[in-house]
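Me: I am new to this structure and would love a close look at a single part of it. Could you choose a good place to begin, go through it slowly, and then show me how the surroundings fit in?

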Amino acid sequence: MHETHFKLQRLADGKFSATLASRMGEMLGKAEELFGPRNEKAATFIGIEFHDAVPQLHFPTPGHVIIRLSLETLDDLIRAQYQLAHEVVHLLSAERGLSAPVLEEGAATWFAQLAIGRPTYTSCPKYRHAATAVRELLTFRPNAIKELRAKEEGWFRRISAQTFSEAGVTGVSQELITFLCRDFYLWGGAREVL
Ligand SMILES: [Zn+2]
């Protein structure tokens, strides 16, 4: 296990190494800069834990949320950062019981790729399609997600085609809007029209 995930280590220049907590602070700041502030009504973050399954948010008690990373991240710093960056985007509007739209999963995947500087670890085509669609949106309009979330009190899940027009995010194809607003988990994985 990487002790530096949790334990401060003094470096040669007298400063301390980054732990997962300090890395997460930087990620959260960057995610808010790109996608808008964390929703104040979202569940309160209470810690990171590791489990033998895929990374996810876990809501142990009402109003609280834990980030769960997969076991292999204990020994793999880059994978830990990748998974953490992805879950940090979900923290922006963490809400128990509802699944995420393609827009949110794509933003989380795109942001994780940005955090480690390369599109790795995403072997699932669904996540890759979602990230590509978000990249298309942000290339066209870099502040689009921030503008859309601002119209829906910060909730990713409330963003609809109507939100795009209300936020003035125009000039985006109807196909892309429909795709981004789809429920990620119910979607079969193929993007019919590109
Ligand atoms: Zn996700």
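Reply: Happy to. One idea is needed before we start: two strands are said to pair if DSSP finds at least two bridges between them. Please also keep in mind that this is a predicted model.

The part I have chosen is the sheet. This is an open sheet of three strands, in the order β1-β3-β2, and its pairing is mixed. The edges are formed by β1, residues 44-51, and β2, residues 56-58, each of which pairs on one side only. From one strand to the next, the twist averages 30°.

Let us take the two pairings in turn. β1 runs parallel to β3, and seven bridges link the two. You can follow this partnership residue by residue: Thr44 stands opposite His64 in β3, and Gly47 has Ile66 of β3 as its bridge partner. β2 and β3, by contrast, are antiparallel, with three bridges between them. On this side, His58 is the residue that stands opposite Ile66 in β3. Ile66 is therefore a good place to rest your eye, as a bridge partner of Gly47 and, by the definition of pairing through bridges, part of the link to β2, where His58 faces Ile66.

β2 and β3 also form a hairpin, with five residues between the strands. Within this hairpin, Gly63 takes a positive phi near 85°. A general point helps here: most residues other than glycine have a negative phi. For a residue that is not a glycine, look at Glu153, whose phi is also positive, near 55°. Glu153 belongs to the loop between α5 and α6, and counts as exposed because 11 other C-beta atoms lie within 10 Å.

Back in the sheet, which residues of β3 are buried, and which are not? The side chains alternate along the strand. Val65, Ile67 and Leu69 point to one face and are buried. His64, Ile66, Arg68 and Ser70 point to the other face and are not buried.

Now look at what lies over the strands. Helix α2 lies across β1, β2 and β3, and runs at about 155° to β3. One residue of α2 is Ile78, which counts as partly exposed because 14 C-beta neighbours sit inside 10 Å. Ile78 and Ala112 are 34 residues apart along the chain, and their C-alpha atoms are separated by 10 Å.

From here we can step into the interior. The largest nonpolar core has 44 residues, and those with the most contacts inside it include Leu84, Ala85, Val88 and Val89, along with Ala107, Phe111 and Val134. Both the strand β3 and the helix α2 supply at least two residues of this core, as do α1, α3, α4, α5 and α7. Helix α3 gives the most, with eight residues.

Since α3 gives so much to the core, let us see how this helix meets α4. What angle do α3 and α4 make where they pack? Helix α3, residues 102-116, packs against helix α4, residues 125-140, at about 90°, with the axes 7 Å apart. That makes α3 roughly perpendicular to α4. Among the residues making the contact are Leu103, Gly106, Ala107 and Trp110 of α3, and Tyr127, Ala130 and Val134 of α4. By class, this contact has nine nonpolar, three polar and two charged residues. Val134 gives a close-up of the meeting: leaving aside neighbours within four places in sequence, Val134 is in contact with Leu103, Gly106, Ala107 and Trp110.

Two residues outside these elements round off the tour. Phe6 is placed in the segment before α1, and is exposed, with 11 other C-beta atoms within 10 Å. Apart from neighbours within four places in sequence, Phe6 is in contact with Thr19 and Leu20. Arg182 lies in the segment after α7, and is partly exposed, with 16 C-beta neighbours inside 10 Å. Beyond neighbours within four places in sequence, Arg182 is in contact with Pro101, Val102 and Trp187.

If you want one picture to keep, take β3: parallel to β1, antiparallel to β2, and with α2 lying across the three strands.

Terms used. Residues numbered from 1 in each chain as written. Predicted model: local features only at pLDDT ≥ 70, side-chain atom pairs only at ≥ 80, totals over all residues. Axes fitted to C-alpha atoms, helices over the stretch in contact; angles between N-to-C directions. Helix = DSSP H or I, 4+ residues; strand = E, 2+ residues; numbered from the N terminus. Parallel < 35°, antiparallel > 145°, perpendicular 65-115°, else oblique. Contact = placed C-beta atoms within 7 Å. Nonpolar A, V, L, I, M, F, W, Y, C, P; charged D, E, K, R; others polar. Core = buried A, V, L, I, M, F, W, Y, C linked by C-beta atoms within 7 Å. Buried ≥ 20, exposed ≤ 12 C-beta atoms within 10 Å, placed from the backbone.
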